[in-house]
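Here's an informal walk through one protein model, going from a helix to the pocket and then to the aromatic rings. Have the viewer open as you read.

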Amino acid sequence: MVTIRTARSSDATAIADIYNYYIEHTVVTFEETAISSTEMEARISLVLDKQQPWIVCEKNGEVVGYAYAGEWKSRCAYRYSLESTVYLKHGEEGHGYGSALYSELISLVKAKKYHAMIGGIALPNEASVALHEKFGFKIAGRFEEVGYKFDQWIDVGYWQLIF
């Protein structure tokens with residue numbers, strides 16, 4: 001059985017484990033050092049304390065993915081825009097969990113009367129581009145060679161959804 005619910009501090013270890021795979025093995029995040037469950041718990045709290053959504057997808061009681069929408073930029077004029085993030089446990093791709101998480105995340109963001117949601121994608125990443133475009137995101141721009149990880153330069157594209 002699959003359920004989507006608000007993240008709790010007790011999910012921090014599972015979420016950190018999911019994220020750390022991407023830190024250690026991919027260029028989809030520009031972090032380079034694995035994070036602790038304590039650090040992940042602080043990140044979850046920061047988002048939830050601002051009344052912004054952080055959700056998890058559970059399959060038979062195990063967290064297999066998460067998504068959140070947090071502050072885009074700190075200046076007050078950006079307060080109606082959020083940056084979205086979605087990650088799945090390695091090996092759980094292709095089961096619709098990413099779509100289920102994004103669908104719920106978009107509903108939560110809309111309900112809170114935000115105006116825009118922005119997704120940054122390390123390129124190339126066909127799966128992430130397809131997920132964003134499936135939900136109506138449009139490409140807003142591309143920065144060439146702005147990240148450097150694993151001895152390679154990485155481009156970043158930004159997709160935007162206006163409500």
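Let's start with α1, and with what sits over it: the cover on its buried residues includes α2 (37-49), β2 (54-59), β3 (62-71), β4 (81-88) and β6 (138-149). Keep in mind that this is a predicted model. The buried residues of α1 are Ala12, Ile15, Ala16, Ile18, Tyr19, Asn20, Tyr22 and Ile23. As for its geometry, α1 runs over residues 12-25, and its 14 residues should span 20 Å at 1.5 Å a residue; the end C-alpha atoms are indeed 20 Å apart, so the two agree.

**The other helix worth a look**

α3 passes a similar check: it has 15 residues and reaches 21 Å from its first C-alpha to its last, close to the 21 Å expected at 1.5 Å a residue. Its buried residues are Tyr97, Gly98, Ser99, Leu101, Tyr102, Leu105, Ile106 and Val109. Take Ser99, which is found in α3 (residues 97-111). Is Ser99 buried or exposed? Its relative accessible area is 17%, and the cut-off for buried is under 20%, so Ser99 is buried. Leaving out residues up to four places away in sequence, Ser99 touches Leu131, Lys134 and Phe135. After α3 comes Lys113, with a positive phi near 65 degrees.

**A glycine in β3**

Gly65 is found in strand β3, and at 0% relative accessibility it counts as buried. Which residues is Gly65 in contact with, once neighbours within four places in sequence are left aside? They are Ile18, Ile55, Val56, Cys57, Tyr87, Leu88, Lys89 and Leu101. Ile18 is one of the buried residues of α1, and Leu101 is one of those in α3. Thr29 is another story: 36 residues from Gly65 along the chain, it has its C-alpha 15 Å from that of Gly65.

**The pocket**

Rolling a probe the size of a water molecule over the atoms shows where empty space is left. Here, the largest pocket has a volume of about 1,200 Å³. It is lined by 45 residues, with Val28, Thr85, Val86, Tyr87 and Gly120 nearest its centre. Which element gives the largest share of that lining? It is β4, with six residues. By chemistry, the lining divides into 23 nonpolar, 16 polar and six charged residues.

**Aromatic rings**

How many aromatic pairs turn up in a search of the whole structure? Twelve. Two of them are set out here.

| Pair | Centre to centre | Angle between planes | Type |
|---|---|---|---|
| Tyr21 and Tyr22 | 5.4 Å | 90 degrees | edge-to-face |
| Trp54 and Tyr68 | 4.0 Å | 15 degrees | stacked |

In the stacked pair, Trp54 lies in strand β2 and Tyr68 in strand β3, so the pair ties together parts that are 14 residues apart in sequence. Trp54 counts as buried at 2% relative accessibility, whereas Tyr68 is partly exposed, with a relative accessible area of 22%. The edge-to-face pair is mixed too: Tyr21 is partly exposed, at 24% relative accessible area, while Tyr22 is buried, at 11%.

These rings also belong to a bigger picture. Ring pairs link Tyr19, Tyr21, Tyr22, Trp54, Tyr66, Tyr68 and Tyr87 into a cluster. Tyr87 brings several threads together: besides belonging to the cluster, Tyr87 is among the residues nearest the centre of the largest pocket and is in contact with Gly65.

Technical notes:
Residues are numbered from 1 along each chain as its sequence is written. This is a predicted model: local features need pLDDT of at least 70, side-chain atom pairs count only at pLDDT 80 or more; totals for chains, interfaces and linings use all residues. Side-chain values use heavy atoms; hydrogens and water are left out. Helices (H or I, at least four residues) and strands (E, at least two) are DSSP runs, numbered from the N terminus. The expected span of a helix is 1.5 Å times one less than its number of residues. Buried means under 20% relative accessible area, exposed over 50%, partly exposed in between (1.4 Å probe, protein chains only). Contact means heavy atoms within 4.5 Å. On a 1 Å grid over the protein atoms alone, a cavity is a set of points where a 1.4 Å probe fits but cannot get out, and a pocket is an open set with protein on both sides within 12 Å along at least five of seven lines; lining residues have an atom within 4 Å of a point. Grid points are joined across faces, edges and corners, and a volume is the space filled by probe spheres set on the points. Ala, Val, Leu, Ile, Met, Phe, Trp, Tyr, Cys and Pro count as nonpolar, Asp, Glu, Lys and Arg as charged, and the others, Gly among them, as polar. Rings of Phe, Tyr and Trp (its six-membered ring) pair if their centres lie within 6.5 Å; planes under 30 degrees apart count as stacked, over 60 as edge-to-face and the rest as tilted.
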